[in-house]
Amino acid sequence: MKKSTIKIILIVLLLNIFILSAFTVSRAYGASLEISPKFGDAPIIDGEVESDEWDKAERYNTSLYLGSSTTNGLPIDIKCIQKDNNLYLLFQFELIEKRDSEFLAILISNSTSEDIEDFIDAKMINISNGQDSYNDLYLNNSQYIFEDDIEGNGAGTIKFEGFENWIFTFEFKFPLQSDETQNEENDVALSYGSSHAFNISHGNIPDLPNRIERSTTIIINILEAQKEPPQLDFNIVAITLTSIVFTIIVLFYSYYIYQIILLKRKMERIGY
Amino acid sequence: MSKIKKSEIKNKKKSKENIGYKTVIKTAILSGIFFVASLFFNGQIISLGYFNNSILNIVEILVRTVIILFFFLFLTISYANYRDLVGKPINWKNLMLLFILSIIQSILNIYVFFLTLLGLIFILLYLYLIQE
């Protein structure tokens, strides 16, 4: 085979690979961590970490990366608790500087898919001039649109500690879907036993996804619903106790009546 | 002693023991009736609690207590007479057995339990003092 023919075949092959790869590989976030929540007590969502409210949760560590890089990330601590119909998440990281406005957004995929288009739901805590606000958003034509504010499902604080760093703390509460609960219209249904990709995004101007500065994606494996230990049925206990007690008395009483009959026979034998 | 006097004494003894035996039977039957009543009330087969009336609840507690106390009283009289007829007077062990058989009927209700306990202690004290 001629050299020129081989070159042409190679060029065509490379072109094919290039063209095909552009179509098959979609844009996606890459999961840096997979976590499983722990069952524990529900923490208070106020942006403050009390002494023991997150103690039962395992502490995970990952990094928020600038743009598409995967090096020199900002370390972030994550804790996750599942309690009743809710999933609770705590995020903490440190920065040397703090701006007038800082936000942390959680983009939620409808599955473990890390494709950008699958992150159809988002929750955001924005701290502006020391005041935090919580927002619910949903994906519409590659833009996240604000829904009505929901109080109580997210809170954050930024505190200066250790004379060097600002500690950023964000607490979220995500309702889990069960037979008793109903999710908001545009929310991802987080059901028991399912796994979802969560993208953690940080920035200063609350405009998603355009103004995301740092981000990372994690997978959360939601646990099956915690089963209550079977309760002792008082009625069954009462019936059992009554049966035992009164059976014992009946036995004694029957024995006593039998003894009386025997006594009567004895008395008759001796002529009474 | 003449034969007539001996015969009279024997007849009196017979009559006394026949009366004693009849008492054993009668009081045993009465204690049996109260036991059946206790089974209905303390076994919670019949309950006035459905009416959700506090006065009826108090009445029910008192009825339950009184039934157990009568059961204990009649069974004690019956058993004491029985023991008397067989020539072995009733002792504290026998009384304790009757006490336990009575008090365990009230285990499903704490108020009935304490009232019955007080009542049984009162009856035992009364019997003790009378016998002494």
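**Why these terms apply**

Me: In this predicted model, with which residues is Asn204(A) in contact, leaving aside its neighbours within four places in sequence?

Reply: Asn204(A) is in contact with Arg99(A), Ser101(A), Glu102(A), Phe103(A) and Glu213(A). Among these contacts, Arg99(A), Glu102(A) and Glu213(A) are linked in a network of salt bridges.

Me: Where is Asn204(A) placed, and what makes it count as buried?

Reply: Asn204(A) is in the loop between strand S12 (195-203) and strand S13 (214-221) of chain A. Its relative accessibility is 18%. Buried means under 20%, and therefore Asn204(A) counts as buried.

Me: Why is Asn86(A) given the label it has, buried or exposed?

Reply: Asn86(A) has a relative accessibility of 16%. Since the limit for a buried residue is under 20%, Asn86(A) counts as buried. Asn86(A) lies in strand S5 (residues 86-95) of chain A. Apart from neighbours within four places in sequence, its contacts are Ile81(A), Lys173(A), Phe174(A), Pro175(A) and Leu176(A). Asn86(A) and Lys173(A) are 87 residues apart along the chain, yet their C-alpha atoms are separated by 6.5 Å.

Me: How many salt bridges does the structure hold over all chains, and how do you know that Arg59(A) and Asp77(A) form one?

Reply: There are nine salt bridges over all chains. The side chains of Arg59(A) and Asp77(A) meet at 2.8 Å, N to O. The cut-off is within 4 Å, so this pair is a salt bridge. The pair links distant parts of the chain, with Arg59(A) in strand S3 (residues 59-66) and Asp77(A) in strand S4 (residues 74-83), 18 residues apart.

Me: What makes Arg59(A) exposed and Asp77(A) buried?

Reply: Exposed means over 50%, and Arg59(A) reaches 57%, so it counts as exposed. Asp77(A) has 18%, whereas buried means under 20%; Asp77(A) therefore counts as buried.

Me: How do you know that Lys123(A) and Asp136(A) form a salt bridge, and which parts does the pair tie together?

Reply: The distance from N to O is 2.9 Å, which lies within the limit of 4 Å. Lys123(A) is in strand S7 (residues 121-128) and Asp136(A) is in strand S8 (residues 131-140), so the pair ties together parts that are 13 residues apart in sequence. Lys123(A), at 5% relative accessibility, counts as buried, and Asp136(A), at 1%, counts as buried.

Me: Why are Arg64(B) and Glu60(B) separated by about one helical turn?

Reply: The two residues are four residues apart in helix H2 of chain B, and this separates them by about one helical turn. Their side chains meet in a salt bridge of 3.1 Å, N to O. Arg64(B) and Glu60(B) are both buried.

Me: Why is H2(B) called roughly antiparallel to H3(B)?

Reply: Helix H2 (residues 54-85) and helix H3 (residues 92-103) of chain B pack at about 155 degrees, and their axes are 10 Å apart. Angles over 145 count as roughly antiparallel, so H2(B) is roughly antiparallel to H3(B). The crossing of H2(B) past H3(B) is right-handed.

Me: Which residues make the contact between H2(B) and H3(B)?

Reply: From H2(B), the residues are Ile68(B), Phe71(B), Phe72(B), Leu75(B), Thr76(B), Tyr79(B) and Arg83(B). From H3(B), they are Asn94(B), Leu95(B), Leu98(B), Phe99(B), Leu101(B) and Ser102(B). By class, this contact has nine nonpolar, three polar and one charged residues.

Key. Residues are numbered from 1 along each chain as its sequence is written. Chains are lettered from A and ligands numbered from 1 in the order in which they are written. This is a predicted model: local features need pLDDT of at least 70, side-chain atom pairs count only at pLDDT 80 or more; totals for chains, interfaces and linings use all residues. Side-chain values use heavy atoms; hydrogens and water are left out. Axes are lines fitted to C-alpha atoms, for helices over the stretch in contact, and angles run from 0 to 180 degrees between N-to-C directions. Angles under 35 degrees count as roughly parallel, over 145 as roughly antiparallel, 65 to 115 as roughly perpendicular and the rest as oblique. A crossing is left-handed if the near helix is turned anticlockwise from the far one by less than a right angle, and right-handed if clockwise. Contact means heavy atoms within 4.5 Å. Ala, Val, Leu, Ile, Met, Phe, Trp, Tyr, Cys and Pro count as nonpolar, Asp, Glu, Lys and Arg as charged, and the others, Gly among them, as polar. Buried means under 20% relative accessible area, exposed over 50%, partly exposed in between (1.4 Å probe, protein chains only).
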